[in-house]
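Visitor: Please give me a close look at the paired aromatic rings, and then place them in the rest of the fold. I would like the cut-offs stated as you go.

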Amino acid sequence: MPESAVFADRSKLSPRYIPEELPHREMQVQQLVHAFSEAAHDPDKFPLTILQVIGVAGIGKTTTVTRATKVIEETFVRNRLTLKTAYINLKLQGGNKFAIYRFLLERLAPDLPSQGLSAEEMLRYLLRYLRDNKQYALIVMDEIDYLIKISKDTSIIYDLTRLNEFEPEKPCNVKGVIFIARSTDFYSRLDPAELSTLGRVPMEFSKYTLDQVSDILSSRSTQAFNPKAIGSDVIDKVAKITTSGEVNGDVRYALDLLLYAGNLAESQGAGRVTLEHIRKVHGQTHPSVTTEEIEELSRNHIVSLIAVVRALKSRKRQYVELKDVRLYAMELAEQLGIKKLDVEDYLDDLKTRRLIEMRSLKEIGLHGASLTELEPVLMAKVNKQ
């Protein structure tokens with residue numbers, strides 16, 4: 001293996017990868033599994049169960065549901081029963097009710113033709129197929145709020161939550177429908193009957209805390225990167241970025257950030273991911289300092305910002321102290337003939353403009369910009385003034 005190899009298995013950072021263990025979502029996995037525990041033992045007596053999973057993007061909703069359905073499928077297998085899961089991302093695979101039901105039919109009853117059937121007929125044929133073949137199913141509708149937002153036809157909610165009423169005298173072999181949404185705002189578009197069968201008690205996923213994001217990233221990084229290719233300083237940095245207001249807790253973004261930073265490190269032959277790799281990649285999507293903003297800064301603002309950059313480059317840490325910044329600011333001010341520079345005042349203003357991060361006098365940093373690329377741009381500007 002070449003010395004510059006950063007990754008052991010970069011696929012472990014993919015959103016499609018479902019780990020065996022989900023840090024800080026195991027309780028939710030168990031709740032979902034428990035909801036179908038009786039069905040795995042006596043499915044014909046177990047009613048159709050409707051569940052909702054609600055939470056903002058990137059906090060593990062889909063991964064948790066996918067992991068739970070795998071466990072549920074395995075429980076059915078142990079009881080010599082067949083359970084299939086049909087997962088549909090309605091933002092990618094949706095469109096209209098007919099297309100969605102055809103996908104369900106193809107996924108759960110591939111032997112049945114869908115041509116020439118109405119949407120309702122496809123559901124009836126699906127239920128009959130499952131019953132005749134002694135098979136059971138779970139249906140997962142991801143991004144249901146997106147479908148309801150763009151579609152005038154909300155009857156899919158009514159249909160899927162009342163599958164057991166298509167032939168009420170016979171058991172319904174679809175054991176559950178799980179709806180995943182980013183919020184409950186779509187409730188306002190449903191009529192009372194649809195809302196009644198959907199229910200108003202969703203399983204809500206809260207945002208991860210800083211420590212929880214660090215745990216998740218540490219777990220994934222151990223699987224994805226070679227030993228010593230990534231340090232705790234990088235994990236901490238990405239966790240802070242992820243829990244910031246600009247990213248809003250989206251762990252998918254954090255995994256992408258680690259992946260692209262790792263790719264950058266390998267392309268440079270660096271052998272390990274550094275804070276500078278993270279800043280550069282993050283700065284491409286969430287720049288903290290833009291050319292337009294630099295143009296609006298006074299000379300003293302720019303000198304203070306250069307001092308932050310030089311201190312971070314020198315210390316090679318996430319944050320530096322005010323004394324470090326003041327040292328570089330005074331040195332540069334002397335070179336430029338600036339007689340007075342109250343660096344604290346300018347740092348406060350840079351913080352207000354969101355050009356730097358200033359958690360305290362001992363924690364001054366910069367998220368979304370490459371230090372090596374930013375410094376020459378700032379120096380060119382200050383030399384013109």
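Guide: Rings of Phe, Tyr and Trp (its six-membered ring) pair if their centres lie within 6.5 Å; planes under 30 degrees apart are stacked, over 60 edge-to-face, and the rest tilted. By that rule, four aromatic pairs are present in the structure. One of these is Phe36 with Phe46, a tilted pair with 6.5 Å from centre to centre and 50 degrees between the planes. Both Phe36 and Phe46 sit in the loop between helix 1 (26-35) and strand 1 (49-54), so the pair ties together parts that are ten residues apart in sequence. Helices (H or I, at least four residues) and strands (E, at least two) are DSSP runs, numbered from the N terminus. Phe36 and Phe46 are both buried (under 20% relative accessible area; exposed is over 50%, partly exposed in between, with a 1.4 Å probe and protein chains only).

The model is a predicted one, in which local features need pLDDT of at least 70 and side-chain atom pairs count only at pLDDT 80 or more, while totals for chains, interfaces and linings use all residues. Residues are numbered from 1 along each chain as its sequence is written, and side-chain values use heavy atoms, with hydrogens and water left out.

To return to the pair of Phe36 and Phe46, both of its members are buried. A second pair joins Phe186 and Tyr187: the ring centres are 5.1 Å apart and the planes stand at 70 degrees, so this pair is edge-to-face. Phe186 is buried, with a relative accessible area of 4%. Its partner Tyr187 also counts as buried, at 12% relative accessibility.

Two tyrosine rings carry a charge over the face (NZ of Lys or CZ of Arg within 6 Å of the ring centre and within 35 degrees of the ring normal). At Tyr17, the charged end of Lys12 sits over the ring, 5.1 Å from its centre. At Tyr319, the charged end of Lys237 does so, 5.9 Å from the ring centre.

Lys237 falls within the span of helix 9 (232-242), which is one of the elements covering the buried residues of helix 11. Others in that cover are helix 10 (251-267), helix 13 (299-315) and helix 16 (371-384). Helix 11 itself runs over residues 275-285 and is mostly covered, with eight of its eleven residues buried. The buried set is Leu275, Glu276, His277, Ile278, Arg279, Val281, His282 and Gly283.

Helix 3 (residues 97-108) offers a single residue to look at, Leu108. Leu108 is buried, with a relative accessible area of 0%. Leaving aside residues up to four places away in sequence, Leu108 touches Lys84, Thr85, Ala86, Leu126, Tyr129, Leu130, Gln135, Ala137 and Ile139 (contact means heavy atoms within 4.5 Å). From Leu108 to Glu20 the C-alpha distance is 25 Å, across 88 residues of sequence.

Glu331, in helix 14 (residues 322-336), is partly exposed, with a relative accessible area of 41%. Between Glu331 and Val303 there are 9.9 Å in space, C-alpha to C-alpha, and 28 residues in sequence.

Next, the empty space. On a 1 Å grid over the protein atoms alone, a cavity is a set of points where a 1.4 Å probe fits but cannot get out; a pocket is an open set with protein on both sides within 12 Å along at least five of seven lines; lining residues have an atom within 4 Å of a point. Points are joined across faces, edges and corners, and a volume is the space filled by probe spheres set on them.

The largest pocket holds about 940 Å³. It has 42 lining residues, and Pro15, Ile18, Thr62, Thr63 and Arg252 lie nearest its centre. Elements that give two or more residues to this lining are helix 2 (61-78), strand 2 (82-89), strand 3 (135-142), strand 4 (174-181), helix 8 (210-224) and helix 10. Helix 2 gives the most, with nine residues.

The second largest pocket has a volume of about 440 Å³. It is lined by 21 residues, with Ser244, Glu246, Arg354, Glu357 and His367 the closest to its centre. Strand 6 (residues 357-360) gives the most to this lining, with three residues.

Searching the whole structure turns up one cavity of 30 Å³ or more. This largest cavity has about 40 Å³ of space. Its lining consists of Leu127, Arg131, Leu163, Asn164, Glu167, Lys170, Pro171, Cys172 and Asn173.
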